[in-house]
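Me: Could you take a close look at one part of this for me? I'd like to understand the place where chain A and chain C meet, told from the side of chain A.

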Amino acid sequence: MNKYTITCLIIFILLGPFLFPNATITEMLIFGIVAISTNIMLGYTGMLSFGQALFFGTSAYISGLILLAGFPIFLAIPIATLGSFLISLFVGYFCVKREGLYFICLTFAFNQMFYFIAYVWTEVTGGEDGLVGITRPEFIDTQFSFYVFISILFLTSLYLMYKIITSPLGLIFKLIRENPSRAEAIGYNVRFFKLVSFSIASTFTGLAGSLYVLIHSMVPIDQIHWLKSGDIIFMTLFGGVGNFLGPLIGVVGYIWLSDTFSIIWARWPLIMGVIFAIIVLYFRGGVSELLENLVKKCQFYFKKNKDEKYIKN
Amino acid sequence: MKNILKINNLSKNFGNVSAVNNVNLEVEVGSIHSVIGPNGAGKSTFFNMISGVLPPSSGKVYYKNNDITGFESYKLPHMGIAKCFQITNVFPKLSVRENVWSSVFSCAQKSKFDFFKPLSNFKYVAEETEKIISDVGLSHKINDKAEELSHGQQRMLEMAITLGAKPELLLLDEPTQGLAPEATLEMTKLIQKLSKKYTILLIEHKMHIVMEISKVITVLNFGEVIDEGTPSEVKESKKVQDAYLGRG
Amino acid sequence: MTFLILSQILNGLGLGMLYALVGVGLTLILGVLNIPNFAHGVLYALGAYFAYSIAKMTGSFYFAIFLSPLLVVLVGFLLESQGVRRLYQAHHDYQLLFLFACALIIQEIIIIIWGPIGFSLLPPPSLSGALDLGILIYPKYRLVLICFAFFMIICLYLFLTKTNLGAILRAGIENRDMVKVLGINVNIVFLYTFGLGAYLAGLAGALSAPIMGLTPSMGLDILPICFVVVVIAGLGSIPGAIVAGILIGLSQGAATIWFPEATNVVIYLMMGLTIIFRPQGLFGVR
């Protein structure tokens, strides 16, 4: 992340609440955490998981239940996040044992397992209707204070994740993506580090989930459905898995597009599917790679003009 | 300790097929010990058993008198055994520096918390990385991506990654595979230079290299040891000639 | 009482046969192309919807069951040749994601063409009504379904073991690179395998219509079950998929008798037990 990208990020955070409604911009920040943390697994370590909604949704339920029981939010968030962490160790242990293909099938199957637990356990989760009636704590009851609260947690999460990515651990993740057998041969227990990557991604996703419940004061059951996992992958890929902040662009794009189109056309997921297919076929670097190429072309164009002017003179 | 690596009755069976059968071998410390044999002799299977890729069906592998039979491959570099692959096996999209740095860090990191500290913290790792890269002659490419290197340069990078573990025993699997004569010569010279610091177990196909640099040569055929000795002994051996000419 | 239990077991068996058909289809694609086919669910749904429309247009249920899976095969060929094949050079994760994107697209197209409300498809008069089996009276269609599905599985078995193409498919599951080396056109093999997988999914969908009706979400609902079948069976095991599918169907049938709320949970319980106690699956190789 260079100064240029950090500046853009700061501008986005400052201008966001004026560009989008409060619920939208906070949702963008929350899913921003999800997508960037999912990218630690996907873009950096090379592990495709169809189970992120498991952690997002479970954590949202735990957080919602704790708040409904009357406990403060400063208890709900850590406990829900810790819950995600522990579940990620359990689920991750079984999933990373097998290679990429089976890993995907297992994460998918585990996701649906948890979805059905949520569906059936209506006394706790509200089943199909979701968990409702959660109230926002007083200190974040206004739009402004809520946004500040979410932004602080967003920036803190980003900072922590960035520190991890730029540490030796981040490099080891990249080794696993590039060449797992070689990583093993130079002394890294690949299965262990895959579990670490999985856990980090799942825990931060869980943290985001614990915050999600505050936006609409409810947890709809579709937040734990495997389709949500697919949405998360879409956002991450759409934004660009090649760099740290890329997925955030995907989140903003996806949420803005879905909010805009879902009003116009009930079948808007068709458009999303088409965009997804096009990205997968032709633009695997996502929007951020397109932007990078655009910037490079502009730089080249301006440099050429400068050189020509210099030669003319 | 005279023999850094001792292999006792090592065997590998795939169903009814015996790929490697009761191989005994001892590698003297500080020497270059080569393993040769015609195609299908079981060299690769043998190599994979020692380097943690394949669990042996029976037999034992001792390193410095410690039993390391069946150890997973990620444990070996920490004990001082590093291996070089037959097919170039680098980290394509990472830079030459990152490729070697990760190998050095693997065995050099001192505490669990090291994994979370900033990369710039590790001066000793960076210094060692630059030294190894210059030893293999790739300093001018240190910031290039591994996939941008020529084949010969990638083989050198392969070697540099292997050396990052600061091993005592090097397992080299056909290091000159696919190299042009000039690059082969460079690699051979490098191996000889390395033998002054490390013990080397070499699997090689190119006879002239093996004859030139080895102290001891073990010859395999059909998964069994058919002869062992100095280069001149092996050159004269009728058993070996028979094996290579298909009369074995 | 036994009447109830017996009929539920037969219900479970019928369901299990359908699961076996989709499960084998998914296993073939997984084993030969190495891709979890996320579009498998919508192919199943297309099988049902095509059958519905064909039956409505031609008045012949049998013709619908015959033609519908073949149309699904065409869709499968389209997906494989236009997308999956193009992504072969890219990481195979992208092939999976392409199929997922297509699943979203096809799902919406189904709703656009056939509407958001479900339908029912009645079996033809020759297959309606119930049969008196002595110990119980059981719906004719469900009995025929079980027999027909069983027959198709036998055909599949014969195809895989007695024909050249079948042998190539089985070899491809075992060792894809070897198949390439033997000079066999891998593109054709992949295309036909995907088509066969699509056929099985479409057939299962069409057969399921008279029993389970048609709903727009049927594609999304069946997909997790397909994956659970594959997980329990063991990666790439066709006999495993058949056994696992039937087992899951029977368990659901049993659950309906004793724990009706738990019919879906039962599937995941079995999956959980398999993962913990036999992670390679029932028939998988370690």
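Reply: Here's a walk through that contact, with a little on chain A itself first.

Keep in mind that this is a predicted model. Chain A is built from 14 helices and 0 strands. Its C-alpha trace spans about 80 × 50 × 35 Å along the principal axes, and 60% of its 313 residues count as buried. The radius of gyration is 20 Å, which agrees with the value near 20 Å that a compact globule of 313 residues would have. Of the contacts in chain A between residues at least 6 apart in sequence, 78% join residues at least 24 apart.

Now to the contact. Chain A puts in 38 residues and chain C puts in 41. Together they bury about 3800 Å², and 81% of that is on carbon and sulfur atoms. On the chain A side, Leu101(A), Tyr102(A) and Arg267(A) supply 16% of the area that chain A buries against chain C, more than any other three residues.

Arg267(A) turns up again in the polar part of the story: its side chain meets that of Glu108(C) in a salt bridge, 2.6 Å from N to O. The count between the two chains is 1 salt bridge, and 3 residue pairs are in polar contact, both partners at pLDDT 80 or more.

As for which elements do the touching, α5 (100-120), α11 (226-239) and α13 (269-282) of chain A each give two or more residues. The largest share comes from α5(A), with 12 residues. By residue type, the chain A side divides into 30 nonpolar, 4 polar and 4 charged.

Technical notes. Residues numbered from 1 in each chain as written. Chains lettered and ligands numbered in written order. Predicted model: local features only at pLDDT ≥ 70, side-chain atom pairs only at ≥ 80, totals over all residues. Heavy atoms only, no water. Contact = heavy atoms within 4.5 Å. Buried area = accessible area lost by both parts, 1.4 Å probe. Salt bridge = Lys/Arg side-chain N within 4 Å of Asp/Glu carboxyl O. Polar contact = N/O pair within 3.5 Å; in protein donor to acceptor, adjacent residues only side chain to side chain. Helix = DSSP H or I, 4+ residues; strand = E, 2+ residues; numbered from the N terminus. Nonpolar A, V, L, I, M, F, W, Y, C, P; charged D, E, K, R; others polar. Rg over C-alpha atoms; globule rule 2.2 N^0.38 Å. Buried < 20%, exposed > 50% of the residue type's maximum accessible area, 1.4 Å probe, protein only.
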